[in-house]
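Please open the model in your viewer and keep the selection tool at hand. This tour goes from stop to stop, saying what to select and what is found there.

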Amino acid sequence: MTSKGLDLTPRLAALLRDLRARLVRATLVDATGRLLLVVGAWVGLSFLLDWSLDLPRAVRVVLFVGLLATISVTVLRRLVRGLRGVPDDAALAVVAERGAEHGEDLLVSAVQFQSDGGGTSELERDMRGSVLRRAEALAASVDVRALVDARGPARRFGSGFLVAAAAAVPLLVSPLADEFLARFLGGATPWPQRTYLSLEVVSGAVVEQDGEDFVLTVPRGGDVALAVHAEGEVPRTVEIRGEDALPQVLLPDRNGVFRAVLRSVTASDRFVVRGGDDRDGSPSARIVVVDPPDLASLVLEVVPPPYTGLETRRVVNTGTTALRGSVVRIYAATRPTDAGAVLQLLPTDRSLEPERVAPPDDLVATLGDAPVLFHELVLDESLRLRFELTDDRGLSSPDPGLFALDVVEDRAPEIVRLVPTRSDVETSAVGVVRAVLTLRDDFGLSRVAYVVRNGTDGPVVRQGELEPSPISDAVSTEWSATVRLDVADCLASGEGEGSQLAIEFLAYDTAEPPQEGRDTSLRVRVLGGDELLRRVKDRLAKARVQASRLSERVLDSRRRIEELADIVDAAGVSTGEEASGLRTMLASARRTQSDGQALLRELTGVCELVLYARLDDKAGGLLEALDREFAGQRSRSFEAEPWRKLVAAQARSPLATEGFGSHLVSIAALGLDLVDGPLERSASALDAATSAQDANELLEGLIAASSAHTEALELVEKLLERLSEWDNYQSVLTLTRDLLERQKALSERTKRFASDR
């Protein structure tokens, strides 16, 4: 079929007809693709929004109307206007002309020549006929497929088809298609529910069912543990919303369970659980708060072990401490009075069931007259008591009481040896060892003893009991004991110089079984008289060195004090704060006083060695007097008081008038006079000078200190003189001993010579 008016050029007519068909087909394909793309995307997006958000009806209606409007606009613009825009034969000829080589507008001319009715002259008709023939020949050479590009419409159709299929196939396959279509058209059909939540009360409440609601009976202040299980589609979060509390948003654990804890519930409330599309208010729960079972009162009665002599005591509503082995009686009144109870002992995690008994008469005012819980235990370790109470509804106390029972150990007796202060003692075979002990124990001593061994680990050569006496008249945990041992009684036959003794002191308390306290061994070395005298000589030589240094220090201090006094007088210094160097002098005076005390300790130590070793057989009275004074010593540190009393007793009624024992005591007396006299006064005067507020007071203090230093120098010089005399005396004794030994050796040789003749 040829185009109308193109009968003279059938090939051209067919060409234009094919070109028009291709244009119409491309328009239809493009419009259809766009329409499928719009409908598919719109419907798919509407489904996703409605499925995920459960859109309101008004929004769904707007989406449906929007879809219709979009379809109408697409059809109008892309289809109707596209088809109307398909050109006529002349325009199509122009398009076809572009596909011909050297067309010279023959195709357009052929169309126009056939539409205007033919020429008016023969020549014109011949010319037109020539054009028509050439156009017909040219039409046969034009490729219509190159004139219309169908790839763009085809791509748009394919994209639209894929989008429409992606939206349509799930809807057609899914059972939700009917619901979506009804809802998309504005219906009220609900979506099928995807998430179903269920509530589980894990702990902390008694659960009852009231229709579809849970009724949770919770003890006041308790915690309620909840678990929400999701069936179907597990939501990302679940919300627990109460009427009088802020909502809790829960996240799932690894098993997909949502867990929550309602902390310290104190008021009744109602809450619902929502999550995903389960928003119908179910499951829901109503909380009813009730008073939990609790302890009304607790009494702990502690009965100490009999050996302690302590009285039974009671504590109310609190923990306590008790001696190991004490009996603890536990009385507990509960609220309500018939509450079930389990007594837990921590940290051993033992569970006991106390019995119900009538309260003692003297505890009725504290516990009431109803039956109370009772349990008795022997306390061997520190414990924590916790009462887990349960009422008839099955409720337990959210905060069970925790009470401490702390064990106090009965310590073993403690022995402190005051005299001698050193662990190694040197004496002679006829010497005396005296020990003064202080003993401490929590409750009492049953026995105090001593053991003397030959050597550190040798056999026992002597043992005995000591009688401890309380240090004070009041109830005390301190006692004193004294023992005096003659070395000769502790030595085996034939033993003497070079022997060693070890003395141990033992104390036992009144516990069952008794606990033992032990003093470290006191070691006694037995030396000969000559060796001991050499020790005395060496120690006195050391004392002479100390006295010489002390003399130099005192002399230097006096010089500096006098210089400062001249400066104060000349410069008009009025207060101790203004006197430069005064505090340094006070510190020097304190050091000098300490040096004097060290010298005194050395001198008294030599006296003690001589007297207790019995090197001077004429100093027995001095030994007994010093022994009595040491019995009252109460400190391990050096105490000068016994020596003061010994010197005073020697001055009143000489205990020994000759012998080097008395001589050493007189030397020690000089040391006491030095420390108690000028050295103490010097430090006191300088101390007063540092706080002086006027020039006269300052000068008086400096002058008094200078005078005390002068007196100290005199005493030190006298002491050095006496020590020199002792050195000479010791030399005479040594020479006399040598002469006697030589005379004895000569007599023995004479006797042997006479017997040989």
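Before the first stop, one definition is needed: helices (H or I, at least four residues) and strands (E, at least two) are DSSP runs, numbered from the N terminus. Please also keep in mind throughout that this is a predicted model.

**First stop: the second largest pocket**

Select α1, which spans residues 10-53, together with β5 (238-242) and β8 (269-275), since these elements each give at least two residues to the lining of the second largest pocket. Which element supplies the largest share of this lining? The answer is α1, with three residues. The space in this pocket comes to about 520 Å³, and 22 residues line the second largest pocket, of which S52, R194, G276, D277 and R279 are the closest to its centre. If you colour the lining of the second largest pocket by class, you should find seven nonpolar, six polar and nine charged residues.

**Second stop: the largest pocket**

Now move to the largest pocket, whose volume is about 710 Å³. Select P420, T421, R422, G605 and E608, which are the closest to its centre among the 29 residues that line the largest pocket. To see the elements around them, add β20 (414-419), β21 (424-427), β22, α10 (529-571) and α11 (582-612), each of which supplies at least two residues of the lining. The largest share comes from α11, which contributes seven residues to the lining of the largest pocket. Coloured by class, the lining of the largest pocket shows twelve nonpolar, six polar and eleven charged residues.

**Third stop: the cavity**

How many cavities of 30 Å³ or more does a search of the whole structure find? The search finds one, and the largest cavity holds about 40 Å³ of space. Select V433, V452, L485, V487, C490, L501, I503 and V524, the residues that line the largest cavity. Two or more of the lining residues come from α9 (487-490), and two or more likewise from β27 (500-509). By class, the lining of the largest cavity has eight nonpolar residues, with no polar and no charged ones.

While C490 is still selected, consider its surroundings: is this residue buried or exposed? The relative accessibility of C490 is 5%, so this cysteine counts as buried. Next select C607, which is also a buried residue, because its relative accessible area is 1%. If you search for disulfides in the viewer, you should expect none, as the structure holds zero.

**Fourth stop: two aromatic pairs**

A search of the whole structure finds two aromatic pairs. For one of them, select Y307 and F443, whose ring centres lie 6.3 Å apart and whose planes meet at 85°, so that the pair is edge-to-face; the reasoning here rests on the rule that planes over 60 degrees apart count as edge-to-face. Y307 sits in the loop between β10 (294-303) and β11 (313-316), while F443 sits in the loop between β22 (432-440) and β23 (445-454), so the pair ties together parts that are 136 residues apart in sequence. F443 is partly exposed, because its relative accessible area is 24%.

For the other pair, select Y331 and F374, where the ring centres are 5.0 Å apart and the planes stand at 40°, so this pair is tilted. Y331 belongs to strand β13 (residues 327-335) and F374 to strand β17 (residues 372-378), and the pair links distant parts of the chain, 43 residues apart. Y331 has a relative accessibility of 9% and therefore counts as buried, and F374 is buried as well, with a relative accessible area of 15%.

**Last stop: two single residues**

Select T217, which you will find in strand β3 (residues 213-219). With 11% relative accessibility, T217 counts as buried. Setting aside its neighbours within four places in sequence, T217 is in contact with G204, A205, V206, V288, V290 and L395.

Finally, select G661 in helix α14 (residues 660-690). G661 is buried, with a relative accessible area of 2%, and its contacts, leaving aside neighbours within four places in sequence, are V610, D616, A619 and L622. If you draw a line from the C-alpha atom of G661 to that of V606, the distance is 9.7 Å, although these residues are 55 residues apart along the chain.

Technical notes:
Residues numbered from 1 in each chain as written. Predicted model: local features only at pLDDT ≥ 70, side-chain atom pairs only at ≥ 80, totals over all residues. Heavy atoms only, no water. Phe/Tyr/Trp six-rings, centres within 6.5 Å; stacked < 30°, edge-to-face > 60°. Buried < 20%, exposed > 50% of the residue type's maximum accessible area, 1.4 Å probe, protein only. Contact = heavy atoms within 4.5 Å. 1 Å grid on protein atoms, 1.4 Å probe; cavity = no way out; pocket = protein on both sides within 12 Å on 5 of 7 lines; lining within 4 Å. Points joined across faces, edges and corners; volume = space filled by probe spheres on them. Nonpolar A, V, L, I, M, F, W, Y, C, P; charged D, E, K, R; others polar. Disulfide = S-S within 2.5 Å.
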